Amino acid sequence: KKQEATEEETIWAKPLLPENASSADISKLLKGGVVLVANPYKFCSNFNQPQSSNSNAARKMMESVFGGDSASQPSPSLLSKFGLTLPPPAELGPDRRADLLPVLILLEAPSGGESQAFLMNRRTGYLLGDLETAAPSEGAEKGESILPKMGAFMIQPLWFGGTSSGGGGALDMLHVCPAVEGCQKLTDDGLYWSGDLEQAQDAMGMIKDKVLTGFDFKFFVQSTKWSTEQLEREIKDETWFMSSVSTEALFKSRDRLGAKRAKPLWTEIMELMGGKYQSICDELYNEEE
């Protein structure tokens, strides 16, 4: 009997970008499956103002790593791209603040001067079943659903992929089912993008060595897009940390009800990457102390 992998073996994240990387280094690494993790120094105002001797030491360390003005304010256009009207304030508490720091996965290598990603940590507040009652799309018969028949997925959360609409229909998905027709493999550990939404229900039963459920799929409306030049520039100025993250970590339930509280996705990735990323995470969580 095959021994089950431990959580340490399946939940992992690794930084991808070397120190002092060039634009050419960044360009080579931009491909489907790469995860972009927000730098809180770019999203939170006054994030690195010292609260204690420990945070003062962390601030000095981060300034030596990233440079720049410690009192700089987040760009309003950067915030609005991710549905934020204001920088996430410390008063929200570290977990909620971390929830608002974007984590994205690139869907493919830059094409036609454009890069596309899904925001991985923002729910819409709706389930797929809620879309059954939505108004019919243009060209649909009166009373006809905008969705294909997807009964197996009706209780799955609907995720907000970003503020860019259009291109490929109203609904898209990430999943771990290679039997879905038309899907595209993103990572070596079995993450797939898109495919035939209606056939996905039947595809779950085609996998012989693993029982799949609706929770092995994530469904998204809209996406996040940049010009490739803009994204490379944002990575170069440390708006984003490039990472390779396991599928298990990306699909892990993040519900924080009851005594066993799961970490926000942003927090877990930063901790798993270690080093300077752990230090940045510690600074976010130490601000209240």
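Nine aromatic pairs are counted in this predicted model. One of them is the stacked pair of Phe 118 and Phe 220. Two separate nonpolar cores are described below, one of 55 residues and a second of 20 residues.

**Aromatic rings**

- A pair of aromatic rings is described by the distance of the centres and the angle of the planes.
- For Phe 118 and Phe 220, the centres are 4.3 Å apart and the planes differ by 5 degrees.
- This pair links distant parts of the chain, with the two positions 102 residues apart.
- Phe 118 belongs to strand β4 (residues 114-119), and Phe 220 belongs to strand β10 (residues 217-221).
- Phe 118 counts as buried because its relative accessibility is 2%, under the 20% cut-off.
- Phe 220 is also buried, because its relative accessibility is 1%.
- Phe 43, Phe 82, Trp 226 and Trp 240 make up one aromatic cluster.

**Charges over rings**

- Lys 14 lies over the face of Trp 12, at 4.8 Å from the ring centre.
- Lys 218 places its charged end over the ring of Phe 251, 5.8 Å from the centre of that ring.

**Nonpolar cores**

- The largest nonpolar core has 55 residues.
- Within that core, Leu 36, Leu 174, Trp 240 and Trp 266 touch the most other members.
- Helix α10 (residues 265-273) supplies the largest share of this core, with five residues.
- A second, separate core holds 20 residues, including Leu 131, Met 150, Phe 219 and Val 221.

**Contacts of Leu 36**

- The contacts given here leave aside neighbours within four places in sequence.
- Leu 36 is in contact with Pro 102, Val 103, Leu 104 and Leu 106, among others.
- Its other contacts include Trp 226, Leu 231, Ile 235, Trp 240, Phe 241 and Met 242.
- Two of these partners, Trp 226 and Trp 240, also belong to the aromatic cluster with Phe 43 and Phe 82.

**Helix α10**

- Helix α10 is mostly covered, with seven of its nine residues buried.
- The buried residues are Leu 265, Trp 266, Thr 267, Glu 268, Ile 269, Met 270 and Met 273.
- Just after α10, Gly 274 takes a positive phi of about 70 degrees.

**A buried loop residue**

- Leu 197 is found in the loop between β9 (192-193) and α7 (200-204).
- Leu 197 counts as buried because its relative accessibility is 15%, under the 20% cut-off.
- The C-alpha atoms of Leu 197 and Met 173 are separated by 8.1 Å.
- Along the chain, Leu 197 and Met 173 are 24 residues apart.

Methods: Residues are numbered from 1 along each chain as its sequence is written. This is a predicted model: local features need pLDDT of at least 70, side-chain atom pairs count only at pLDDT 80 or more; totals for chains, interfaces and linings use all residues. Side-chain values use heavy atoms; hydrogens and water are left out. A nonpolar core is a set of buried Ala, Val, Leu, Ile, Met, Phe, Trp, Tyr and Cys residues joined through side-chain atoms within 4.5 Å. Buried means under 20% relative accessible area, exposed over 50%, partly exposed in between (1.4 Å probe, protein chains only). Helices (H or I, at least four residues) and strands (E, at least two) are DSSP runs, numbered from the N terminus. Contact means heavy atoms within 4.5 Å. Rings of Phe, Tyr and Trp (its six-membered ring) pair if their centres lie within 6.5 Å; planes under 30 degrees apart count as stacked, over 60 as edge-to-face and the rest as tilted. A charge sits over a ring if NZ of Lys or CZ of Arg is within 6 Å of the ring centre and within 35 degrees of the ring normal.
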